[in-house]
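Colleague: Thanks for making time today. Could you put the model up so we can go through it together?

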Amino acid sequence: MEHDSASRTERYKREAAEAAVDRFFLPGMCVGLGSGSTAAFAVRRLAALRAEGRLLDVSGVPTSRATEALAGELGVPLTTLEEHPTLDVTIDGADEVAPDLCVIKGGGGALLREKIVAQASRRVVIIADVTKLSPRLGTHGPVPVEVLPFGWHSQRRFLESLGARVVPRVLADGAAYLTDQGNRVLDCAWGPLDAPEVLASRLSARAGIVEHGLFLREATDLVVAGPRGVEHRA
Ligand code: 5RP
């Protein structure tokens, strides 16, 4: 039963990713390639279309080393924000998606590059299976907060003073999880958020907090897949 629902979720992730690539990636585009398991399906779809001789001139900016490695393995051409400071469209996953297209990202720890790439994109398409839909951000899980290793205990205190239950992210062996930039991630559970904009600006104002997983203005579109098929919202 558990297995069935896990494989259904994987199928929905793949369906959302494939529908988004088919609709939003067009010939000649420079695109942002997101991170995580749903975004990986999008990279695989782009590679499959290339194998059919389509979208051969599309190049992508990866949002993590993991995505860079996957795209490289599949022969998807990569580029950089130095070469292309503005991207046509980014397709990326999310941990939680509210009805107004505000999202929480960073479950995979790539939030900083993901936000940089999203903000450099004309259009940001979030791809998700239905389990990611939430009535209010914070209902499903924590907000990841990326902090510099220097002084991170002070950031923990600060986040607790804002009411968060803070869990420093660790690897399976107990070692500190470090992002691609060498920073720590503090997973901050606030529960359902009444005013995510207020929280986001308090987090952004704090020295030592490099970035947070509240993406409140970046997403322009959502492609979500579930038992009723694939739906596009903008
Ligand atoms: C990585 C992310 C991912 O997009 C997010 O965690 C969703 O991952 P998945 O598609 O594996 O559920 O923000 O930093």
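Modeller: Happy to! This is a predicted model, and a good place to start is helix α2 (residues 37-51) with helix α3 (residues 65-74), whose axes come within 10 Å.

Colleague: Are α2 and α3 roughly parallel or roughly antiparallel?

Modeller: Their axes cross at roughly 20°. Angles under 35 degrees count as roughly parallel, so α2 runs relative to α3 in a way that is roughly parallel.

Colleague: And is the crossing of α2 and α3 left-handed or right-handed?

Modeller: On the α2 side the contact is made by A39, A40, V43, R44 and A47, and on the α3 side by T67, L70, A71 and L74. By class, that contact has one polar, one charged and seven nonpolar residues. As for the hand of the crossing between α2 and α3, it is right-handed.

Colleague: Let's move to the annotated position. Which residue does the UniProt annotation "active site" cover?

Modeller: The annotation comes from an unreviewed UniProt entry, and it may be inferred rather than shown by experiment. The residue in question lies in helix α4 (residues 111-119). The record's "active site" is E114.

Colleague: Is E114 buried or exposed?

Modeller: Leaving aside neighbours within four places in sequence, E114 is in contact with G34, S35, T63, D92 and K105. There are 30 C-beta neighbours inside 10 Å of E114. The cut-off is 20 or more, so E114 counts as buried.

Colleague: D180 caught my eye too. How far is its C-alpha atom from that of A66?

Modeller: D180 sits in the loop between β8 (165-168) and β9 (184-189). It is partly exposed because 15 other C-beta atoms lie within 10 Å. Not counting residues up to four places away in sequence, D180 touches S64, R65, A110 and R113. D180 and A66 are 114 residues apart along the chain, and their C-alpha atoms are separated by 9.3 Å.

Colleague: What is the phi of L55?

Modeller: L55 is found in the loop between α2 and β2 (59-62). With 22 other C-beta atoms within 10 Å, L55 is buried. Although L55 is not a glycine, its phi is positive, at about 55°.

Colleague: One last backbone check: where is phi of L101?

Modeller: L101 lies in the loop between β4 (96-97) and β5 (103-104). It has 19 other C-beta atoms within 10 Å, so L101 is partly exposed. L101 is a residue other than glycine with a positive phi, near 70°.

Technical notes:
Residues are numbered from 1 along each chain as its sequence is written. This is a predicted model: local features need pLDDT of at least 70, side-chain atom pairs count only at pLDDT 80 or more; totals for chains, interfaces and linings use all residues. Helices (H or I, at least four residues) and strands (E, at least two) are DSSP runs, numbered from the N terminus. A residue is buried if 20 or more other C-beta atoms lie within 10 Å of its own, exposed if 12 or fewer, and partly exposed in between; C-beta atoms are placed from the backbone. Two residues are in contact if their C-beta atoms, placed from the backbone, lie within 7 Å. Axes are lines fitted to C-alpha atoms, for helices over the stretch in contact, and angles run from 0 to 180 degrees between N-to-C directions. Angles under 35 degrees count as roughly parallel, over 145 as roughly antiparallel, 65 to 115 as roughly perpendicular and the rest as oblique. A crossing is left-handed if the near helix is turned anticlockwise from the far one by less than a right angle, and right-handed if clockwise. Ala, Val, Leu, Ile, Met, Phe, Trp, Tyr, Cys and Pro count as nonpolar, Asp, Glu, Lys and Arg as charged, and the others, Gly among them, as polar.
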